[in-house]
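Got the model open in your viewer? Let's take a walk through it together, one selection at a time.

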2 protein chains.
Amino acid sequence: MVTGMEKPYVVGMDIGGTNTVFGIVDSRGNVLATDSVKTQSFSKIEEYVEAVSSKLRPLIESFGGVEKIKGMGVGAPNGNYYNGTIEFAPNLPWKGVIPLAALFEEAIGVPTALTNDANAAAIGEMTYGAARGMKDFIMITLGTGVGSGIVVNGQLVYGHDGFAGELGHVIVRRDGRQCGCGRKGCLETYCSATGVARTAREFLVARPEPSLLRDIPAEEIVSKDVYDAAVKGDKLAQDIFEYTGRILGEALADFIAFSSPEAIVLFGGLAKSGDYIMKPIRKAIDDNILKIYEGKTKLLISELKDADAAVLGASALGWEVRD
Amino acid sequence: MVTGMEKPYVVGMDIGGTNTVFGIVDSRGNVLATDSVKTQSFSKIEEYVEAVSSKLRPLIESFGGVEKIKGMGVGAPNGNYYNGTIEFAPNLPWKGVIPLAALFEEAIGVPTALTNDANAAAIGEMTYGAARGMKDFIMITLGTGVGSGIVVNGQLVYGHDGFAGELGHVIVRRDGRQCGCGRKGCLETYCSATGVARTAREFLVARPEPSLLRDIPAEEIVSKDVYDAAVKGDKLAQDIFEYTGRILGEALADFIAFSSPEAIVLFGGLAKSGDYIMKPIRKAIDDNILKIYEGKTKLLISELKDADAAVLGASALGWEVRD
């Protein structure tokens, strides 16, 4: 009765603290067209939804209208899949609980599902990327923070309340670094891009040796600077990645004891730092893994193209919505 | 075509390092009859299967024969659900990979499924106990070691290889206590019954105060002694539970960040130490939980009756076998 081609497209939307990007995606994961708005320009949610919709509607029209769209998937911080809501997102302009999926369904006329950005990335990886065909894997997103999406038996793990999978906030050092969440020692205080810059500042104070990083004002150092220095042979910069990779690998060894995934997929800028980060991660996993899991879980890097990844990840959720 | 009552019974079997206990269970979770053999008496697996079968067959006959049995569920250390095998179990007499489910299917003529003991306990709790009706919960078994069974979306988490859910071997103290698994600082080195006894010996050396526990030769102290002393008002014994509960609660707060369960169900002797252990666990969860999970996850004690729990847990798997 229905063929996939009747509705050959989905809409993907990634809501970030700075930009909201959305686009039309086909079943092979080609991002056919995108547009964006500045998230922070709209203090009222109604204005925001209308601003996005007024750009999204003509985009949809140019691909044949809403009858060609299977669904819309939205990735957003603090997104709750069960309710289609964004709940108390600290980096977005709208406070409280926002029924975002319902608002867009009404504005656009397309069934809409919503989840947090790391879960969207996991679904994207499973649909179009490195985790195709896998039923058990863990996606770790290494950005400003550390996020995660966990897939078990081919399904995203949402938990009883829709908020499962906050592995960036597992405690890796008791009474360790202060985290933005109010607690101390969270994984993301060490292994995010921000965490790498923080480690750089600590190392530069604690160690007397010369380093290319000393040419940059300490407060301005970002993880890209550490990578650039490491590539130039800077020992201190390389040690920063070693330190970061070890802590991440130790944590991953524990995550494997939870769901014994076929693979862990790393996503984000840090994951592209090559052997500087991947070697210490692998070594720390090997050094810390329980014997029955030894050598079984693959460590992979995301195959989603950087520029499109967020839209692509969210769009994958669009294939799963109920009509 | 088929009603539940056509095959009103299941067989549950718990294979422990010391005893193998098996019994007939009805759909309400009544253990109607049990028998047992000494696991260690049989160095050959064929002799073991025959010894168990020669006692199990008459038991089954007395309830109307194999045509009344829906299936058999087996809980065993290092049990692999996918393959029906026991793999490299250090505390059992048979080495390597043992196709136990197939051996029993042949000997008894009843479809048989097998999983590890903590997973069996989780299925038991979901079928007959404190987790009835729940789709997301974590079972933690506190015995000689610490085991776990994780349920997500109403399904046991087995992982890609059948060995998921070894939360007793998550590292809670880097370079902490030596664990039997060869690594250091595993949860079970602190929060098992053995871990409690170990803490007692450490505290008795490190602290000068009097304690009822000093009346017992240090190497003979077991967790029950600590409980008895705590009940009598012994401060040092109470502090041992406080220490144990805090480490367990810290770990549980991290587990919640993984699968956001509706409940964590504690099983085993330690869980019955009442407020001495439950209060510090609750406090440590509250002190360490990420804000979005605050106050959402129930901490429950198993409702399975002690004597029958292992057989009951395994038997629940018998309802799920394919004919």
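Start in chain B by selecting strand β9 (residues 137–142) and its neighbour β10: the two pair in the antiparallel sense over six bridges. Two strands count as paired if DSSP finds at least two bridges between them. Strands here are DSSP runs of E with at least two residues, helices are runs of H or I with at least four, and both are numbered from the N terminus. Now click on B:T141; its bridge partner in β10(B) is B:G147.

A quick word before moving on: this is a predicted model, where local features need pLDDT of at least 70, side-chain atom pairs count only at pLDDT 80 or more, and totals for chains, interfaces and linings use all residues. Residues are numbered from 1 along each chain as its sequence is written, while chains are lettered from A and ligands numbered from 1 in the order in which they are written.

**The sheet around your first stop**

Widen the selection in chain B. You get an open sheet of five strands in the order β11-β10-β9-β12-β13, with mixed pairing. Which strands sit at the edges? They are β11 (155–156) and β13 (298–301) of chain B, each pairing on one side only.

Next, pick B:K135, in the loop between α3 (117–128) and β9 of chain B. Is B:K135 buried or exposed? B:K135 is partly exposed, because 15 other C-beta atoms lie within 10 Å. The cut-offs go like this: 20 or more other C-beta atoms within 10 Å of a residue's own means buried, 12 or fewer means exposed, and anything in between is partly exposed, with C-beta atoms placed from the backbone. Leaving aside neighbours within four places in sequence, B:K135 is in contact with B:N153 and B:G154; contact means that the C-beta atoms, placed from the backbone, lie within 7 Å. Try a distance label too: the C-alpha atoms of B:K135 and B:K184 are separated by 33 Å, and the two residues are 49 residues apart along the chain.

**Where the chains meet**

Show both chains. 33 residues of chain B are in contact with 33 residues of chain A. On chain B's side, β10 (146–152) and α7 (235–259) each supply at least two residues, and α7(B) gives the most, with four. Colour that side of chain B by residue type and you'll find 15 nonpolar, ten polar and eight charged. For that count, Ala, Val, Leu, Ile, Met, Phe, Trp, Tyr, Cys and Pro are nonpolar, Asp, Glu, Lys and Arg are charged, and the others, Gly among them, are polar.

Now superpose chain B on chain A: a rotation of 180° with 0.0 Å of shift along its axis does it, at an RMSD of 0.0 Å. The two copies are thus related as by a two-fold rotation axis. The fit is by least squares on the C-alpha atoms of residues with pLDDT of at least 70 in both copies. What's more, 100% of the interface residues of chain B are also interface residues in chain A, so the copies meet through the same surface.

**Over to chain A**

Colour chain A by pLDDT, the predictor's confidence in each residue from 0 to 100. The chain averages 94, and 98% of the residues score at least 70. Among its elements, helix α9 (residues 306–318) has the lowest mean, 87, and helix α7 (residues 235–259) the highest, 98. For the complex, the predictor gives an ipTM of 0.91 and a pTM of 0.92.

Then split chain A into domain 1 (4–125 + 307–318) and domain 2 (134–302); these bounds come from an automatic or database domain assignment. Their C-alpha centres lie 28 Å apart. Twelve residues of domain 1 are in contact with 14 residues of domain 2, and helix α3 (residues 117–128) of chain A gives the most to domain 1's side, with seven residues.

**Last stops**

Zoom in on A:A316 in helix α9 of chain A. A:A316 is buried, with 25 other C-beta atoms within 10 Å. Not counting residues up to four places away in sequence, A:A316 touches A:G73, A:I123, A:G124, A:T127 and A:Y128.

Finish at A:V205, in helix α5 (residues 193–206) of chain A. A:V205 counts as exposed because it has 9 C-beta neighbours inside 10 Å.

Definitions and conventions:
Two residues are in contact if their C-beta atoms, placed from the backbone, lie within 7 Å.
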